[in-house]
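Q: I'm new to this structure and would like a close look at a single part of it. Please pick one part, walk me through it slowly, and tell me how it fits with the rest.

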Amino acid sequence: MSQPAPHLRRIALDAAGDRHDLVVPQNEALAGALAAIGVHLGAGEQVLGPDGSVVDTATSVRELREGGLYAVAGAAGSAAARSGASDRSANVSSLPWALTGFGLAGAALVTAAPESRWPTVIVLALAAVAALASNSFERRGRGAAFASALVLAGISAAIAVWPSVAGTPGLAIAVGAASVSVLAAMLGFVASAPLLRAAATPIVVISALFAAFAMVSPALGWSPAQLLIVAGAAAAVGFRAAPSLLVGVDPGYHIDYGRFMVLRWTVRGRVPEYIERVDESRVRDLVDAAEARLASTVVALSVIAAAGIPAAVVPFRSGDLVQVISAAVFVMWMVLGLLLTSRRTAANILRVPPRVAVAVGLSGLAVGVAPIVPGVIATLVAGLVLAAGVIAAAVIPPLARGERSLGWSRTGDIVDSIAVALVLPSGILAAGTLNLLQGVLAA
């Protein structure tokens, strides 16, 4: 085992159930080590040493035991946790959720009574403005208000233009996506919080690209299902590309050693501005903005992916052998790509949406495919899926421990790369592009 430098000391800190292994300068106080990991003792909290004795936070690290375990204990910890939980629950605003439910009820009303279309459009537009005002002036539920305004604007625009584009569903989808993009841009412009502006930017880009793609789909002869299949496949690729595109800092904050080692003296470019001092608040702002952009991107792509998987019902019902095989391959690579890509992060906001998209997509696909599958085959498939789940639940825990887990992790990376590479071509084939090319060449 390597030994620390003479002026450093290794200690382990246990705070709120999390263990932190630290190497601290010996002239530092224990309070500084606690502050470095974000722990600030409250009333009644204290630090216990390896022998259970109370250690003063003003104690020099030099006096602590090398490699010793020190724990933060006290009744205030649980009280603070309860206080934090109550504060979080108090910060939840019910207005955005009520407005979203109101918008869905309005859409259902228009379906039942078409003559109420324009009054419903006006009311939903006012509700979107109310959600926007809630997002701008309230501190509670800003993220929910942001999403509520987007949903209300999309529903309002779809209801307004639906009669004129009812014969071209692709155009209707394009109008809805364009309205979401425009409203996201407006919200990003008027939002006071930097994180909301950062989160709005990917929504604008993704919605605009999806709207442009939907506008082109009628020219390609694609139905909405075929559009969603290709868009879902592109979303699976986007999950893999999002971190490298959205997470980054200014060139002055880092040196790309890999680029310099590969290109040597042929590197060209402007010398970045020299940063004399790294400000912690500035770095935290950069990290928070990157996390907000990444989170909103993952949620938006998950929505598209969740709609793309059940759309594979159409090629399954087409009777074309090429489309049926392509749809099966598309669903397989889609599920593997979403599940394996989501394991690359430990943040729940990045892991949960793709997995929820898989669950929702497979549920919709099962409902759509069930009527065309004979009962015996359906029962057999259900039994196989159940058996596979039981086997996986029994086998995965022992394989996830020890050195074997590294090999399985590398295998997962390989399968993930293959899935990302093949999901888009299989989705394009499942959308009937081959038949379109045959028709163009025959003409």
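A: The chain has 16 helices and 5 strands, and keep in mind that this is a predicted model. There are 443 residues, and 35% of them count as buried. Among contacts with a separation of 6 or more, 69% are made by residues 24 or more positions apart. The accessible surface adds up to about 25,300 Å², with 68% of that belonging to carbon and sulfur atoms.

Let's zoom in on helix H7 and follow its links outward. H7 covers residues 194-220, which is 27 residues. From first C-alpha to last, H7 reaches 40 Å, close to the 39 Å expected at 1.5 Å a residue.

Now for what H7 tucks away. Its buried residues start with Leu196, Ala198, Ala199 and Ala200, and go on through Pro202, Ile203, Ile206 and Ser207 to Phe210, Ala211, Ala214 and Ser217. Here's a handy bit of background for reading such a list: an α-helix has 3.6 residues a turn, so residues three or four places apart point the same way.

Two of those buried residues, Pro202 and Ile206, turn up again when you look at threonine 297. That threonine sits in helix H10, which runs over residues 280-308. Leaving out residues up to four places away in sequence, threonine 297 touches Pro202 and Ile206, plus Ala242 and Leu246. With a relative accessible area of 6%, threonine 297 is buried, because anything under 20% gets that label.

While we're at this part of the chain, have a look at the outside too. Val299, Val303 and Ile349 make a nonpolar surface patch of about 250 Å². Isoleucine 349 belongs to helix H13, residues 348-369, and at 46% relative accessible area it is partly exposed.

Back to H7, and to what comes after it. The helix is followed by glycine 221, whose phi is positive, near 75°. Around here you'll also find the aromatic pair, and a search of the whole structure finds just 1. The rings of phenylalanine 213 and tryptophan 222 have centres 5.7 Å apart and planes at 80°, so the pair is edge-to-face, which takes an angle over 60 degrees. The two partners differ in cover: phenylalanine 213 is partly exposed at 27% relative accessibility, while tryptophan 222 is buried at 14%.

Keep going and you get to helix H8, residues 224-246. Glutamine 226 has its place in H8 and is buried, with a relative accessible area of 15%. Setting aside neighbours within four places in sequence, glutamine 226 is in contact with Gly221, Ala431 and Gly432. So the glycine that follows H7 shows up once more, as a partner of a residue in H8. Glutamine 226 also has a C-alpha 8.7 Å from that of glycine 427, even though the two are 201 residues apart in sequence.

That brings in helix H15, residues 404-430. Alanine 430 lies in H15 and is buried at 1% relative accessibility. Not counting residues up to four places away, alanine 430 touches Ile229, Pro315, Gln323, Ser326 and Ala327. Its C-alpha is also 7.1 Å from that of valine 324, which is 106 residues away along the chain.

H8 and H15 share a salt bridge as well, one of 2 in the structure. The side chains of aspartate 416 and arginine 240 meet in it, at 3.5 Å from N to O. Aspartate 416 sits in H15 and arginine 240 in H8, so this pair links parts of the chain that are 176 residues apart. Aspartate 416 is buried, at 0% relative accessibility, whereas arginine 240 is partly exposed at 31%.

For comparison, here is the other salt bridge. Arginine 9 forms it with glutamate 66, the closest N and O atoms being 3.5 Å apart. Arginine 9 is in strand S1 (residues 8-15) and glutamate 66 is in the loop between strands S4 and S5, so the pair ties together parts 57 residues apart in sequence. Arginine 9 is buried at 16% relative accessibility, and glutamate 66 is partly exposed with 39%.

Technical notes: Residues are numbered from 1 along each chain as its sequence is written. This is a predicted model: local features need pLDDT of at least 70, side-chain atom pairs count only at pLDDT 80 or more; totals for chains, interfaces and linings use all residues. Side-chain values use heavy atoms; hydrogens and water are left out. Rings of Phe, Tyr and Trp (its six-membered ring) pair if their centres lie within 6.5 Å; planes under 30 degrees apart count as stacked, over 60 as edge-to-face and the rest as tilted. Buried means under 20% relative accessible area, exposed over 50%, partly exposed in between (1.4 Å probe, protein chains only). Patches are made of residues with over 30% relative accessible area and no salt bridge: like charges are joined within 9 Å, nonpolar side chains (Val, Leu, Ile, Met, Phe, Trp, Tyr) within 5 Å. Accessible areas come from the Shrake-Rupley method with a 1.4 Å probe; for residues, only the protein chains shown count as cover. A salt bridge is a side-chain nitrogen of Lys or Arg within 4 Å of a carboxyl oxygen of Asp or Glu. Helices (H or I, at least four residues) and strands (E, at least two) are DSSP runs, numbered from the N terminus. Contact means heavy atoms within 4.5 Å. The expected span of a helix is 1.5 Å times one less than its number of residues.
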